[in-house]
Amino acid sequence: MTSRERIINAMKFKKVDYIPVMCKKRAIAPQTIGRKYDREFQLDPEAMAKSAIEAWKIVGDDAFCLGSGPALQMGLGCDLNWPEDDHPSFKSAVITSREEAEKLEVPDPFKNEYMDAFIEAVRLLKEWAGDEVPIKIASYGIFNLLSRLLGVERMMSWILKDRETIELLCDKINETMLRFAKEMRNVGADIYEIGDAMSGPAVISTKVFKELSVPYHRAQIRGFREMGLISMLHVCGGEYPVIDQLQFTEADFLWFSELVDLSVAQKIFYKRFAVCGGVNPVDTLFLGSPEKIDEDIKNIIVTLKHKSGVILMPGCGLSTNIPIENLKAMADATKRHSELAGAKVV
């Protein structure tokens, strides 16, 4: 069974030879070719593609992974801090008024150097990867990007006091993401992973989540589905308060943080929506030894009543200081303990 077949079977609740595993290698990948996860790396498509390949060779999980968050932010004109070897972070707001929101332009992906470089990285990766192992694009979601344009405080204030401007910006961000995703799909992307903590219960109320987050996620995910992309949605921050609402986003995979018991999520959504996540990115993957990782993965798999309809993943994005050997241990343990659960797990 190829990785592509394994993931599609998991999505459709069919038999798999082992539970698929995705280790979110994007920020760690540059180390495999002697590079840093910095601004220059985001403009080097050959380095992005080569590092994704090398990281996959080491870890041996079920997807190549590229991170489009920096490219999307730069395409929208965000003002960022660029650490020496880490994810870029918010520096200052670039939109402070309705007038500035109206002037925000939806970028042409081929006219922005960061977006263009990223599309080329996907194309180069696809040339090497072929069809057996899918290419997963890790991306910020609409509200994460909104917070990078406005700042969190202004975003929260406008959600309450100026919903019309918030919706104007969300529409433009959504259009940007769909345009970019279409070009990535055209050159070989298979899975679109949306990380959108700023739309989740750690930031906004369940009422606002239902009124604002769910409709935008659903519209975006339907757009991805029309392109032929598999979607994963992660709203982070302890999703229990909105867990009943996640079904209305229509995501192919609901990706849960380590604050949600993956076996509980599976019970809620089994035969309706596949789930993923479950692995603690700090206690297990950053601080854990290979022995602890093996034990933690075993415990997760044992608690899952069904061994299909699920992918094991870190419960959130990973920093650049996670040992890549620990990600390999995670992938190896998933395969080993899945096999112990049965030659053909379902």
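Here's a walk through this structure, from its nonpolar cores to its ring pairs and then its largest pocket. Keep in mind that the model is predicted.

Let's begin inside. The largest nonpolar core takes in 102 residues, and those touching the most other members are Leu66, Phe118, Ile137, Leu146, Met184, Tyr192 and Phe256. If you want to know which element gives the most to this core, look at α5, with 10 residues. Leu146 is a good residue to click on. Once you set aside its neighbours within four places in sequence, Leu146 is in contact with Gly151, Met155, Ile166, Leu169, Cys170 and Ile173. Another core lies apart from the largest one; this one has 15 residues, including Ala63, Trp255, Tyr270 and Cys276.

Now for the rings. The count of aromatic pairs comes to 11. One of them is Tyr37 with Phe41, a tilted pair with 6.0 Å from centre to centre and 45° between the planes. The 45° angle is called tilted because stacked needs planes under 30 degrees apart and edge-to-face needs over 60. Both partners are tucked away from the probe: Tyr37 has 2% relative accessibility, so it counts as buried, and Phe41 counts as buried too, at 3%.

Phe64 and Trp128 give you an edge-to-face pair, again 6.0 Å centre to centre but with 85° between the planes. This pair ties together distant parts of the chain: Phe64 sits in strand β1 (residues 64–67) and Trp128 in helix α5 (residues 113–129), 64 residues apart. How buried or exposed are the two partners? Phe64 is buried, with a relative accessible area of 1%, whereas Trp128 comes out at 44% and is partly exposed. The 44% value lands in that class because buried means under 20% and exposed means over 50%. Trp56 joins in as well, since ring pairs link Trp56, Phe64 and Trp128 into a cluster.

Finally, the open space. Rolling a water-sized probe over the atoms shows where space is left empty. The largest pocket holds about 320 Å³. Its lining has 20 residues, and Arg26, Tyr140, Asn144, Cys316 and Gly317 are the closest to the pocket's centre. Which elements each supply at least two residues of the lining? Those are β4 (135–140), α6 (142–150) and β5 (191–195). Of the elements, β4 gives the most, with three residues. As for chemistry, the lining is a mix: eight nonpolar, seven polar and five charged residues.

Definitions and conventions. Residues numbered from 1 in each chain as written. Predicted model: local features only at pLDDT ≥ 70, side-chain atom pairs only at ≥ 80, totals over all residues. Heavy atoms only, no water. 1 Å grid on protein atoms, 1.4 Å probe; cavity = no way out; pocket = protein on both sides within 12 Å on 5 of 7 lines; lining within 4 Å. Points joined across faces, edges and corners; volume = space filled by probe spheres on them. Helix = DSSP H or I, 4+ residues; strand = E, 2+ residues; numbered from the N terminus. Nonpolar A, V, L, I, M, F, W, Y, C, P; charged D, E, K, R; others polar. Phe/Tyr/Trp six-rings, centres within 6.5 Å; stacked < 30°, edge-to-face > 60°. Buried < 20%, exposed > 50% of the residue type's maximum accessible area, 1.4 Å probe, protein only. Core = buried A, V, L, I, M, F, W, Y, C linked by side-chain atoms within 4.5 Å. Contact = heavy atoms within 4.5 Å.
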